[in-house]
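Work through the exercises below with the model open. Try each task before reading its solution.

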Amino acid sequence: MANEQTNTIPSYKGIGIYNLQQNEFAKIKTGASNLRESLTRILFTRKGTRPGVLDFGTDIPNLAFTQDYEDLKTIIESEIVNALGKWEPRIEYQSMELLELDSNFLAIKINFINNDTLRSEFLDLVGPIGNE
């Protein structure tokens, strides 16, 4: 019995930080402020910039010069749906509202179901765009 091994995969909440030395993701804290930090980090990290996890993030930071507002809103929402579906299991995305946009930053409101509480919640997020 003592030598029995189970083949279970640990379940972590939120996005982990890649640990190169142990080749695994480290568990992060939970809570509203950490959820805000996680969403901001996911949505405003450029794809291809995180070593070891090149598909982490979105193309949102590259969208500063998109001309058509409706196209921009559609692209941003698509990026949010894909990224949060892949990287943030604590929430179920519902909708987003584009609050403000200029050549340096983007402000959005994200409505979601918190999978821990099963309550509808929202977060206003602001992040940089346009600058490399």
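**Exercise 1. Find the residue with a positive phi in the hairpin of β4 and β5, and say how the two strands pair.**

Step 1. The hairpin of β4 and β5 has four residues between the strands. Strands here are DSSP runs of E with at least two residues, and helices are runs of H or I with at least four, numbered from the N terminus.
Step 2. Leu-118 in this hairpin takes a positive phi near 60 degrees.
Step 3. β4 and β5 pair in the antiparallel sense over 10 bridges. Pairing requires at least two DSSP bridges between the strands.
Step 4. Within this pair, Ile-110 stands opposite Leu-123 in β5.

The model is predicted: local features need pLDDT of at least 70, side-chain atom pairs count only at pLDDT 80 or more, and totals for chains, interfaces and linings use all residues. Residues are numbered from 1 along each chain as its sequence is written, and side-chain values use heavy atoms, with hydrogens and water left out.

**Exercise 2. Give the strand order of the open sheet, and explain why β3 and β5 are edges.**

Step 1. Three residues form the hairpin link from β3 to β4.
Step 2. Nine bridges join β3 to β4 (residues 105-114), again antiparallel. Glu-100 stands opposite Ala-107 in β4, and Leu-101 has Leu-106 as its bridge partner.
Step 3. The order of this three-stranded open sheet is β3-β4-β5, with antiparallel pairing.
Step 4. β3 (91-101) and β5 (119-128) each have a single partner strand, so one side of each lacks a neighbour in the sheet.
Step 5. From one strand to the next, the twist averages 20 degrees.

**Exercise 3. Which strands do helices α1 and α2 lie across, and at what angles do they run?**

Step 1. α1 (residues 32-44) lies across β3, β4 and β5, at about 50 degrees to β5. Axes are lines fitted to C-alpha atoms, for helices over the stretch in contact (heavy atoms within 4.5 Å). Angles run from 0 to 180 degrees between N-to-C directions.
Step 2. α2 (residues 69-87) lies across β3 and β4, at about 145 degrees to β3.

**Exercise 4. Which element gives the most to the largest nonpolar core?**

Step 1. This core has 27 residues. A nonpolar core is a set of buried Ala, Val, Leu, Ile, Met, Phe, Trp, Tyr and Cys residues joined through side-chain atoms within 4.5 Å; buried means under 20% relative accessible area with a 1.4 Å probe, protein chains only.
Step 2. α1, α2, β3, β4 and β5 each give two or more residues.
Step 3. α2 gives the most, with six.
Step 4. Among the residues with the most contacts inside the core are Ile-80, Leu-84 and Ile-110. Leu-84 touches residues including Leu-39, Tyr-93 and Ile-110, not counting residues up to four places away in sequence.

Notes:
Buried means under 20% relative accessible area, exposed over 50%, partly exposed in between (1.4 Å probe, protein chains only).
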